[in-house]
Amino acid sequence: MFKFFPQYDQMDCGPACLQMIAYHHGKKYTISSLREKAFLTKDGVSLLGISEAAQSIGYDVSSYKLSLERLVADAPLPCILHWNQNHFVVLYEIRKKRMGRGLTFKVADPGHGRVSLSEEAFNKSWRGKEAKGIALLLTPNQDFETIPAEEEEDRGLAFLMHYVKPYRKDLLLLILCLVGGSLVTLLFPFLTQSLIDRGIAARSMNIIVVLLLAQLFLFVGSAVIDIVRNWIILHVGTKINLTIISDFLIKLMRLPIRFFDTKMMGDFTQRIHDHERIEHFLTSQSLFAVFSLVNLSVFFVVLGIYNMKILLAYALLTFVSVVWMFLFLRKRQVLDYLLFQRKAENQESIYELIHGMEEIKLNSYDRYVRRQWEMVQLKLYRVKARILSVDQLQVTGFSLINQLKNIVVTFLAAREVILGHITLGAMMSVMYIIGQMNSPLSQLISFFRSLQDARISIARFGEIHQQEDEVKPGQLTSIPLPDHGGTALEVRHLSFQYEGPSSPFVLRDVSFCVPRGKVTAVVGASGSGKTSLMKLLLKFYLPSEGSIEVEGLDLRSFSSNSWRSQCGVVMQDGYIFSESIARNIATGSDEIDEEKLRYAAKIANMQAFIEGLPQQYKTKIGAGGNGLSGGQKQRILIARAVYKDPQFLFFDEATSALDADNEKTIIQNLNHFFKGRTVFIIAHRLSTVKNADQIIVLNNGQIEEIGNHSSLVKDRHHYFHLVRNQLELGV
């Protein structure tokens with residue numbers, strides 16, 4: 001059967017399709033490695049990206065627009081299809097219908113599972129209203145066998161043991177509680193038999209009272225043990241869950257920015273929910289399973305002592321019920337991946353709805369947004385309905401076999417009493433034992449389901465932990481900072497592409513120097529590559545070609561953290577945290593320096609505004625800066641960069657939201673602050689760069705001109721046309 005691989009995240013359909021086809025041809029690749037080869041972005045993956053990834057692992061790739069007839073007659077299977085204009089699936093089989101005319105198309109959809117489609121349904125999703133649909137045909141070439149595969153590191157349950165080790169004493173106490181509970185449980189069948197055979201049969205009230213009191217004390221002891229056990233589980237479980245999530249967040253903060261370009265908010269929130277399943281498995285199911293197995297084994301021995309025929313009947317029907325449960329585990333695994341996708345989409349839609357409420361109301365967008373949310377809910381409902389159907393079939397079948405087992409055992413026990421092989425008390429003990437064995441058996445089944453869920457969750461968050469950190473071992477952790485003169489930054493033949501070697505160049509063959517202690521400005525039309533250039537200078541991305549040097553050393557040789565610690569940055573989409581004004585300005589300090597805080601606010605022309613608030617610098621800001629104007633947010637970002645007191649300053653449209661008066665005051669303040677620092681400014685409002693020591697003009701990712709304001713205006717080229725309508729040049 002064609003091996004199905006689900007997509008981990010919402011944008012992973014292309015890499016997942018390629019993973020399935022590679023496995024079909026005998027190679028196992030991780031979805032993360034294929035994602036990297038396909039140059040995935042937040043918008044997903046293109047046909048070009050999938051083609052380049054396929055070629056890199058040894059496939060000859062052809063992309064065609066085909067009619068259905070050509071697809072059926074000529075396309076080598078499996079192949080990748082562009083699906084519903086926004087998705088990719090694998091077509092792995094076409095077969096004639098057994099009865100009637102027509103074809104059945106077998107499709108592996110990474111976001112839905114394996115599906116069989118009629119010709120009409122297939123055409124609707126593949127071709128839509130077009131005469132032809134897009135197909136990506138892949139054939140292994142001579143390099144396919146020689147290129148090494150990148151199999152996923154096995155992050156099995158042993159990986160989780162370091163989370164458990166710190167709680168060995170707690171777990172030992174928990175084990176003692178479970179052992180105590182097991183011993184108490186084992187005494188009940190013998191007390192029951194004695195009650196009937198020695199008490200009731202002998203008509204001895206003294207024995208009956210003693211045995212009933214013994215049962216009462218055992219029950220109280222068992223209840224106390226359960227209370228202690230539950231408190232231990234709560235304590236250990238909470239601690240482990242916090243550690244797992246903390247490690248996950250620490251890992252996220254170590255990843256490069258490019259990784260986040262491929263993820264949606266819902267993907268991360270659902271992974272955090274995954275940790276709850278791992279914690280539940282570690283602290284509850286695994287321990288209970290061990291003692292359920294012990295109890296089951298002991299009860300099996302006790303039941304065999306009473307009667308071997310009953311034991312054999314019970315064992316046979318138990319085996320059948322367990323096999324029945326295991327038949328559905330694979331189906332549950334696939335559905336769990338699909339549920340993850342639908343829940344992630346749901347989280348994303350709710351997040352967007354709440355954060356976009358202002359624009360929704362302003363632009364009468366509510367009806368469309370609500371319909372889109374309803375579509376997400378419908379998809380979520382369908383997956384949940386499939387899961388419920390599988391669970392009901394699984395659980396109902398298991399319960400039916402269990403009930404049949406109880407009836408058969410009851411019949412055999414009653415028959416043995418009638419034949420005089422066992423006493424009535426022994427029969428009651430056997431029935432009690434059967435009842436006690438059903439509970440551990442159910443716990444073992446729950447354990448295997450929980451184990452499957454935990455392994456799926458481990459795979460999902462393990463995929464994050466396997467990503468390479470942004471900071472590599474051996475990178476420099478300090479930046480050499482000469483006192484004066486020379487070149488601080490030098491860009492040599494820099495080219496950059498977001499989506500791989502065949503994608504359009506955002507920057508091409510860019511070379512320039514940034515003098516130390518001077519202000520360099522970059523101007524150009526929207527889309528000319530200014531912000532991409534700044535992100536490269538900040539090491540958010542690595543150049544596709546060329547290099548960036550800091551004080552004569554390649555920027556790649558420095559750790560990202562050490563480099564950015566020397567940089568004060570104001571991005572045009574900078575984020576305001578739901579913290580106090582002081583904490584939003586002093587983001588990198590454990591202890592806030594009041595003098596530096598006020599100085600930063602003064603430079604950003606915010607001091608009067610802040611000190612006029614009832615709680616001044618302690619005033620809380622809403623999430624994302626709610627309650628602040630665009631200009632106020634921007635001034636907080638400027639104050640944040642100033643507070644850092646860096647050697648390098650990077651400003652991307654730092655004053656675009658300010659009114660003319662505030663802009664003039666802040667620019668004057670900044671010009672004083674800039675002295676002795678290396679400054680790199682991007683601006684559309686050219687009045688903010690008029691006094692820069694050097695102005696670089698970008699156009700379509702290439703440098704058009706370099707000079708100062710006066711010389712560039714005098715040349716009357718690209719810069720002149722950019723500023724003509726913004727500055728009064730007297731021409």
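**Figure 1. Asp554 and its salt-bridge partner Arg556 in the predicted model**. Asp554 is partly exposed in this predicted model, with a relative accessible area of 29%, and Arg556, with which Asp554 forms a salt bridge, is likewise listed as partly exposed, at a relative accessible area of 34%. The closest N and O atoms of this pair lie 3.8 Å apart, which is counted as a salt bridge because the cut-off for such a contact is within 4 Å. Side chains of opposite charge can pair when their charged atoms come close.

**Figure 2. The open sheet of four strands that includes β11**. The strands follow one another in the order β8-β7-β10-β11, and their pairing is antiparallel. Strands β8 (507–515) and β11 (553–554) stand at the edges with a single partner strand each, so one side of each is left without a neighbour in the sheet. Strand β10, which covers residues 545–550, pairs with β11 in the antiparallel sense over two bridges, and Glu549 stands opposite Asp554 of β11.

**Figure 3. A network of salt bridges that includes Glu549**. Glu549, the residue that stands opposite Asp554 in β11, is linked with Glu490 and Arg492 in a network of salt bridges. In the model as a whole, the count of salt bridges comes to eight.

**Figure 4. A salt bridge within helix α19, between Arg598 and Glu594**. The closest N and O atoms of Arg598 and Glu594 are 3.0 Å apart. Because the two residues are four residues apart in helix α19, which spans residues 594–603, Arg598 and Glu594 are separated by about one helical turn. Arg598 is partly exposed, with a relative accessible area of 31%, and Glu594, at 44% relative accessibility, also counts as partly exposed.

**Figure 5. A salt bridge between two loops, formed by Asp645 and Arg677**. In this pair the closest N and O atoms are 2.9 Å apart, and the contact links distant parts of the chain, since the two residues are 32 residues apart. Asp645 lies in the loop between α21 (630–643) and β13 (648–652), whereas Arg677 lies in the loop between α22 (660–673) and β14 (678–682). Which of the two partners counts as buried, and which as partly exposed? At 43% relative accessibility, Asp645 counts as partly exposed, while Arg677, at 14% relative accessibility, counts as buried, because the limit for a buried residue is under 20% relative accessible area.

Terms used:
Residues numbered from 1 in each chain as written. Predicted model: local features only at pLDDT ≥ 70, side-chain atom pairs only at ≥ 80, totals over all residues. Heavy atoms only, no water. Pairing = 2+ DSSP bridges. Salt bridge = Lys/Arg side-chain N within 4 Å of Asp/Glu carboxyl O. Buried < 20%, exposed > 50% of the residue type's maximum accessible area, 1.4 Å probe, protein only.
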